[in-house]
Amino acid sequence: MTHTLGYAAKSATTPLVPFTFERREPGAHDVAIDIKFCGICHSDIHQARDEWGGATFPMVPGHEIAGVVTRVGPKVTKYKVGDHVGVGCFVDSCRTCSSCKQGLEQFCQEGMTGTYNSLERDGKTPTYGGYSNHIVANENYVLRIPANIPLDKAAPLLCAGITLYSPLRHWNCGPGKKVAIIGLGGLGHMGVKIAHAMGAEVTVLSQSLKKQADGKKLGADHYYATSDESTFKKLAGHFDLIINTVSADLDWNAYLGLLKVDGTMVVVGIPEKPTPVHAFPLVMGRRSLAGSLIGGIAETQEMLDFCGKHNLGSDIEVIPISKVNEAYERVLKSDVRYRFVIDMATIK
Ligand code: NAP
Ligand code: ZN
Ligand code: ZN
């Protein structure tokens, strides 16, 4: 067993505190990783505060993990010591169901093994995430980080990057397409970068115009404030694809009205409560409302390679782990440009 230093939530209502635990020794197909950086995803906060239900404590959050391989099991073929690698939202799945066989491990019919707040396939060993200095994972659930993306800027790609890349690919983002991203946060800013690199005409729909200059630098062609009523009139029937990254309660009906005929709005942000949807904005224009969840392993590797080719990393604010609770409060206030990333060298 390897003694591991981390930060954990001990309950849904208390701040994260230092926590030490043991990781398994690498098995035949496992890779041991020295974690260098871990991004702070809004989902970490939802889960640490049990906003989705079913949380288990102590919880070591973190599923935007970037690090360096320190050891490999005797049967590992994909990685060697010194490689730059990442771990995303899951570390295992059943490997045999039709979803797993199609490379859609995130939809494993037996349930994926979450990187934290989950149980290993044995059904009893809790998983602990990336707010820690060391992790062990099966090589088939580890990703290769391109050499030209520094590990700190790469970490958020493991969740924010793939969560936007997957629906953009699935709904054919590309040249000639008008794509809107709702919410310029961790997910949203990666959506703007990736959709722009895919060649689409990109619009940000943000609460205000405060981040407009940033949005344009990230690759947005247009930027609108959703607090301004006229935005919804100006942009009626305008978009092929809208990706909604917001977890606050929004009026989805108003946004559906911004789609062209046959347009799709994809929900990736996860509000706590159900959202009422009227039939009218859907039937008027054969529009679709869809959802998407991260991406499978092969697609995540494809995204990382795409980001390598286009030199896309995340825009980040690196913090010591002692500032994690402060960072959570700032994420909740949308006060982040655009992802907090923990420097794991600061863990003691
Ligand atoms: P984030 O960094 O907090 O960004 C969310 C953005 O939503 C904010 O930057 C803000 O953008 C906007 N927003 C916040 N409060 C709002 C309000 N009251 N009204 C309207 N807009 C508001 O969070 P994130 O890490 O990107 O995650 C976003 C959501 O996606 C979370 O629910 C997370 O759990 C979920 N998620 C889903 C998946 C998936 O696979 N489906 C994966 C990862 C995360 P503006 O300031 O520009 O308006
Ligand atoms: Zn996430
Ligand atoms: Zn499966």
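Trainee: Let me start with one residue: is Cys-108 buried or exposed?

Mentor: Accessibility compares how much of a residue can be reached from outside, and under 20% counts as buried. Cys-108 has a relative accessible area of 8%, so it is buried. Do keep in mind that we are reading a predicted model. Cys-41 can be read in the same manner: with its value of 2%, this cysteine is buried too.

Trainee: How many disulfides does the count come to?

Mentor: Two cysteine sulfur atoms must lie within 2.5 Å to count as a disulfide. By that rule there are zero disulfides here.

Trainee: Which residues coordinate the zinc ion (ligand 2)?

Mentor: For a metal site, we look for the atoms that act as donors. Here they are the SG of Cys-41, the NE2 of His-63 and the SG of Cys-159, at 2.0 to 2.3 Å from the zinc ion (ligand 2). Written along the sequence, the spacing of these donor residues is C-x21-H-x95-C. His-63 sits in the loop between helix H1 (42-48) and strand S4 (65-72), while Cys-159 sits in the loop between helix H3 (151-154) and H4, so this pair ties together parts that are 96 residues apart in sequence. His-63 and Cys-159 are both buried.

Trainee: Now a helix. What should the twelve residues of helix H5 span?

Mentor: The idea is to multiply the rise of 1.5 Å by one less than the number of residues. For H5 (residues 186-197) this gives an expected 16 Å, and the C-alpha atoms at its ends are 17 Å apart, which agrees.

Trainee: And which residues of H5 are buried?

Mentor: They are Gly-186, Leu-187, Gly-188, His-189, Met-190, Gly-191, Val-192, Lys-193, Ile-194 and Ala-195. That is ten of the twelve, so H5 is largely enclosed by the rest of the structure. Its buried residues pack against several elements, including helix H4 (160-170), strand S10 (178-182) and strand S17 (339-343).

Trainee: What is Val-192 in contact with?

Mentor: Leaving aside neighbours within four places in sequence, Val-192 contacts Ile-181, Leu-184, Val-202, Val-204, Gly-215, Leu-218, Gly-219 and Ala-220.

Trainee: How many residues has the largest nonpolar core?

Mentor: A core is read by linking buried nonpolar residues through their side chains. The largest one has 52 residues, and Leu-168, Val-179, Val-192, Ile-194 and Ile-243 have the most contacts inside it. Several elements, among them H4, H5 and H10, each supply at least two residues of this core. Domain 1 (2-158 + 313-346) and domain 2 (161-291) both give residues to the core, so it lies between them. Apart from this core lies another of 40 residues, with Tyr-7, Val-31, Ile-45 and Ile-321 among them.

Trainee: How far apart do the C-alpha centres of domain 1 and domain 2 lie?

Mentor: The two centres lie 28 Å apart. The contact takes 14 residues from domain 1 and 16 residues from domain 2.

Trainee: Can you show me sequence distance against distance in space?

Mentor: Gladly! Met-303, in helix H10, is 141 residues from Ile-162 in sequence, yet their C-alpha atoms are 6.4 Å apart. Met-303 touches Leu-157, Gly-161, Ile-162 and Tyr-165, not counting residues up to four places away. At 0% relative accessibility, Met-303 counts as buried. Now take Ala-254, which lies in helix H8: Ala-254 and Gly-219 are 35 residues apart in sequence and 25 Å apart in space, C-alpha to C-alpha. Ala-254 counts as partly exposed, at 28%.

Trainee: Last topic: backbone angles. Where should I look?

Mentor: Most residues other than glycine have a negative phi, and most peptide bonds are trans. Arg-286, not a glycine, has a positive phi of about 45 degrees; Arg-286 is in the loop between helix H9 (280-283) and S15, and is exposed at 60%. Asn-311 has a positive phi near 55 degrees and counts as exposed at 55% relative accessibility.

Trainee: And which residues does a cis peptide bond with omega of about 0 degrees join?

Mentor: That bond joins Phe-57 and Pro-58, and Pro-58 is in the loop between H1 and S4. Another cis bond, with omega about -10 degrees, joins Arg-337 and Tyr-338.

Definitions and conventions
Residues are numbered from 1 along each chain as its sequence is written. Chains are lettered from A and ligands numbered from 1 in the order in which they are written. This is a predicted model: local features need pLDDT of at least 70, side-chain atom pairs count only at pLDDT 80 or more; totals for chains, interfaces and linings use all residues. Side-chain values use heavy atoms; hydrogens and water are left out. Helices (H or I, at least four residues) and strands (E, at least two) are DSSP runs, numbered from the N terminus. Buried means under 20% relative accessible area, exposed over 50%, partly exposed in between (1.4 Å probe, protein chains only). Contact means heavy atoms within 4.5 Å. Donors are N, O and S atoms within 2.8 Å of the metal (3.2 Å for Na, K and Ca); water is not among the atoms, so sites may look incomplete. A nonpolar core is a set of buried Ala, Val, Leu, Ile, Met, Phe, Trp, Tyr and Cys residues joined through side-chain atoms within 4.5 Å. Domain bounds come from an automatic or database domain assignment.
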